[in-house]
Amino acid sequence: MSSKHNGVFKQIIVLLLALLGALLVGALFLILAKSDPIKAYGVMFSGPLGDKFGITETLVRTVPLLLVGLGIVISFRSGIINIGAEGQILAGAIGATAVGTSLSDVPAMILLPAVFVAGGACGAIWGGIAGWLKARLSVNEILSTVMLNQIALQLYLFLIRGPLIDPKEVSYGTGVPQTALIPEQIWLSRLVPGTRIHSGLIFALVLAVLVYIFLWKTSRGYRLRAVGAGSEAARYAGIKVEWYLVLAMAMAGGMAGLAGVVEVTGVHHRSLEGLSAGYGFSGIVAALFGRLHPLGTIPASILFGALLVGADMMQRAVNIPAAMIMVIQGLVVLFVVSSDYFLRNPDSIVKLKAKFLGQKWIGEVGSKWKDS
Amino acid sequence: MEGFMSIDIFIIILATGVRLATPFLLAALGEMFVQRSGVYNLGVEGIMMMGAFAGFFATLQQGSPLLGIIVSLAIGALMGLIMAFVSVTFKAEQGISGIGLYMFGWGLSGLLFRLYVGGVTSIDGLKPIAIPMLSDIPLIGQVLFNHNVLVYTAFLLVPLSGIILYKTSWGLNVRAVGNKPEAADTLGVSVVKIRYQCLIVGGMLAALAGAFLTIGQANMYADNITAGRGFIAIALVYFGRWSPWGILLGSLLFSMADSFQSMVQVLGINFPYELAVILPYMVTIIALAISYGRVWAPAALGKPYERGTRG
């Protein structure tokens with residue numbers, strides 16, 4: 001209720017405070033690691049902004065974060081907590097690679113869309129399974145998506161080690177678990193020569209706008225959000241809740257699948273080990289930080305893209321393992337969901353202040369309930 | 001195939017199954033108390049990872065698995081406290097905060113491992129303790145009475161949890177807080193306090209489950225050593241319908257299947273490794289699918305308690 005009264009400015013302030021809180025707690029661990037937090041954070045923040053390499057690499061990371069984040073926005077807005085993006089990315093990547101490598105004679109104008117459709121569909125199916133399990137058998141989607149992640153990972157590894165392994169790896173006897181390269185005509189074009197930034201960025205940005213239009217300007221998107229706001233009320237309003245649960249998860253999975261497709265067509269040009277690279281989880285953080293808004297997720301994805309690049313630089317410069325970024329991301333989630341409390345209850349800040357300053361605030365509590 | 005069917009292998013499968021049930025039992029019983037009090041803690045996996053590392057590291061440093069157990073319990077209590085702070089005090093959306101805790105525990109255990117250990121290092125873990133007399137019983141003795149202390153603890157916790165939950169006033173309060181927090185509050189039971197207590201106990205048991213993996217089974221630490229067991233444990237709470245005996249049944253079904261599966265691999269029966277690894281996760285989804293039915297769930301599960309918003 002009160003969220004409408006929260007201006008964008010106030011939300012940004014709360015988010016930045018949450019990030020600051022996460023970084024401060026993170027600093028404690030850096031000190032524990034006998035490292036200078038100011039120096040470490042200095043590298044982490046200045047590195048990605050320092051030069052052409054840092055900026056373009058940040059944007060390379062932004063693309064999968066944004067695509068996964070958009071899927072998270074759709075699913076969370078529908079009341080589904082989808083943490084299956086890791087598996088959905090892999091499903092999308094392997095689907096795209098399989099189509100790309102097996103139809104290498106087909107002209108790019110047909111093959112490239114086919115690869116995107118195939119990867120998106122694989123992700124959508126993988127996400128849709130969890131949606132269907134929730135809709136029909138009320139299987140908790142958090143648990144089912146975790147399990148589906150593990151299953152997808154094992155199937156993916158099985159495929160890139162066995163049936164889909166690059167024939168060259170077999171004939172040379174090297175046996176690196178990776179597929180053959182997809183044909184060069186469907187490699188996404190590089191936006192800046194000499195860097196890895198590719199046209200998938202534009203694709204992701206366009207998709208963000210489309211997801212915004214879908215969720216806020218179409219009746220289907222409206223119903224989807226109504227299901228998320230309260231499935232019982234939506235049911236009474238005549239909305240087929242089950243159908244929308246499956247739709248939301250299929251769309252979320254499709255977005256993550258597309259993240260897998262752009263990683264294949266834009267960055268690696270094949271499927272290999274470690275392709276999902278934790279984007280499935282970082283995308284959740286980006287979406288939450290974007291306040292579950294498709295357009296808010298754009299700057300949030302850039303921010304976390306920069307932090308991921310910065311963490312790698314920190315590892316090289318001051319020898320702090322890149323796992324540090326997972327700590328910070330986990331803390332960001334905890335701080336952001338906790339800070340929602342203050343956005344929901346604007347009075348609580350006053351109360352908290354009063355409590356810590358030792359004043360009586362009982363009168364304020366009384367007046368607060370009257371307001372609500 | 002004759003060797004496969006022999007009685008010795010059958011005993012090994014059963015004994016291994018009993019041992020492998022331990023982490024599921026510990027984590028699931030802890031989560032049962034948490035959910036009975038009305039909170040989802042989906043960060044169990046992250047707490048397990050922290051417990052696994054803490055137990056391993058303390059044992060590595062001091063050479064005492066007992067100290068490892070104590071340290072992991074303390075870390076688990078801390079992790080439970082963080083979850084309580086976020087989900088009870090700040091009333092955060094529990095599913096998402098659980099994921100935050102998971103990522104935090106995952107990142108931190110990996111970070112500390114790389115900083116302080118770095119590579120594969122083995123430790124002297126817990127030794128099996130054969131229970132006098134009982135372990136001499138043919139068949140049953142080897143299957144049930146020749147395990148390390150955490151295995152016994154986990155199985156003893158099943159009836160103990162039942163007694164605590166159903167026969168003590170604290171257990172009554174837990175159930176009241178999870179089902180009708182307003183009523184419990186009216187009767188003077190502190191909803192916040194009970195939920196904090198349950199999350200701390202749940203955290204300790206989850207960490208102990210993690211410690212079992214490093215100091216009671218593998219005798220080493222590796223990345224992702226928990227391999228989703230924390231999430232499976234949560235699924236077992238559903239499957240066991242929030243009761244200790246149901247959880248025992250689910251844990252044993254699960255661990256026996258796992259034990260059988262690994263024996264299939266050891267015996268070199270031709271079956272792709274990846275597909276064998278998938279089985280427990282498939283079984284979990286199937287178990288969740290057949291155990292649906294919301295009637296059994298604590299009524300206030302997942303709902304932050306807002307005092308005075310009713311009536």
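**Exercise 1. What percentage of the 372 residues in chain A is buried?**

Solution. Keep in mind as you work that this model is predicted.
- Step 1: A residue counts as buried if 20 or more other C-beta atoms lie within 10 Å of its own.
- Step 2: By that test, 51% of the residues in chain A are buried.

**Exercise 2. Work out how chain A is built, and why chain A is as compact as a globular protein of its length.**

Solution.
- Step 1: Take the secondary structure, which consists of 16 helices and zero strands.
- Step 2: The radius of gyration of chain A is 22 Å, and the globule rule gives 21 Å for 372 residues; the two values are close, so chain A is as compact as a globular protein of that length.
- Step 3: For the outline, the C-alpha trace spans about 80 × 60 × 35 Å along its principal axes.
- Step 4: Now turn to contacts between residues at least 6 apart in sequence: in chain A, 75% of them join residues at least 24 apart.

**Exercise 3. Do the same for chain B: how many helices and strands does chain B have?**

Solution.
- Step 1: Chain B contains 13 helices and two strands.
- Step 2: With 311 residues, the globule rule gives 19 Å; the radius of gyration of chain B is 20 Å, close to that value, so this chain too is as compact as a globular protein of its length.
- Step 3: A box of roughly 70 × 45 × 40 Å, taken along the principal axes, holds the C-alpha atoms of chain B.
- Step 4: Buried residues account for 51% of chain B.
- Step 5: Of the chain B contacts with a separation of 6 or more, 78% link residues 24 or more positions apart.

**Exercise 4. Compare annotated transmembrane regions with the model.**

Solution.
- Step 1: In an unreviewed entry, UniProt lists transmembrane regions of chain A, including residues 243–262 and 297–314.
- Step 2: Residues 243–262 of chain A are 100% helix, with end C-alpha atoms 28 Å apart. Residues 297–314 of chain A are also 100% helix, and their end C-alpha atoms are 25 Å apart.
- Step 3: For chain B, the regions in the unreviewed UniProt entry include 6–27 and 39–60. Residues 6–27 of chain B are 95% helix, while residues 39–60 of chain B are 77% helix and 0% strand.

**Exercise 5. Which element gives the most residues to the side of chain B that touches chain A?**

Solution.
- Step 1: The contact takes 40 residues from chain B and 38 from chain A.
- Step 2: On the chain B side, α5 (94–116), α11 (229–239) and α13 (273–290) each give two or more residues.
- Step 3: α5(B) gives the most, with 15 residues.
- Step 4: Sorted by class, this side of chain B has 27 nonpolar, eight polar and five charged residues.

Methods
Residues are numbered from 1 along each chain as its sequence is written. Chains are lettered from A and ligands numbered from 1 in the order in which they are written. This is a predicted model: local features need pLDDT of at least 70, side-chain atom pairs count only at pLDDT 80 or more; totals for chains, interfaces and linings use all residues. UniProt positions are given in the numbering used here, feature names are shortened, and annotations may be inferred rather than shown by experiment. Helices (H or I, at least four residues) and strands (E, at least two) are DSSP runs, numbered from the N terminus. The radius of gyration is taken over C-alpha atoms; the globule rule is 2.2 Å times the number of residues to the power 0.38. A residue is buried if 20 or more other C-beta atoms lie within 10 Å of its own, exposed if 12 or fewer, and partly exposed in between; C-beta atoms are placed from the backbone. Two residues are in contact if their C-beta atoms, placed from the backbone, lie within 7 Å. Ala, Val, Leu, Ile, Met, Phe, Trp, Tyr, Cys and Pro count as nonpolar, Asp, Glu, Lys and Arg as charged, and the others, Gly among them, as polar.
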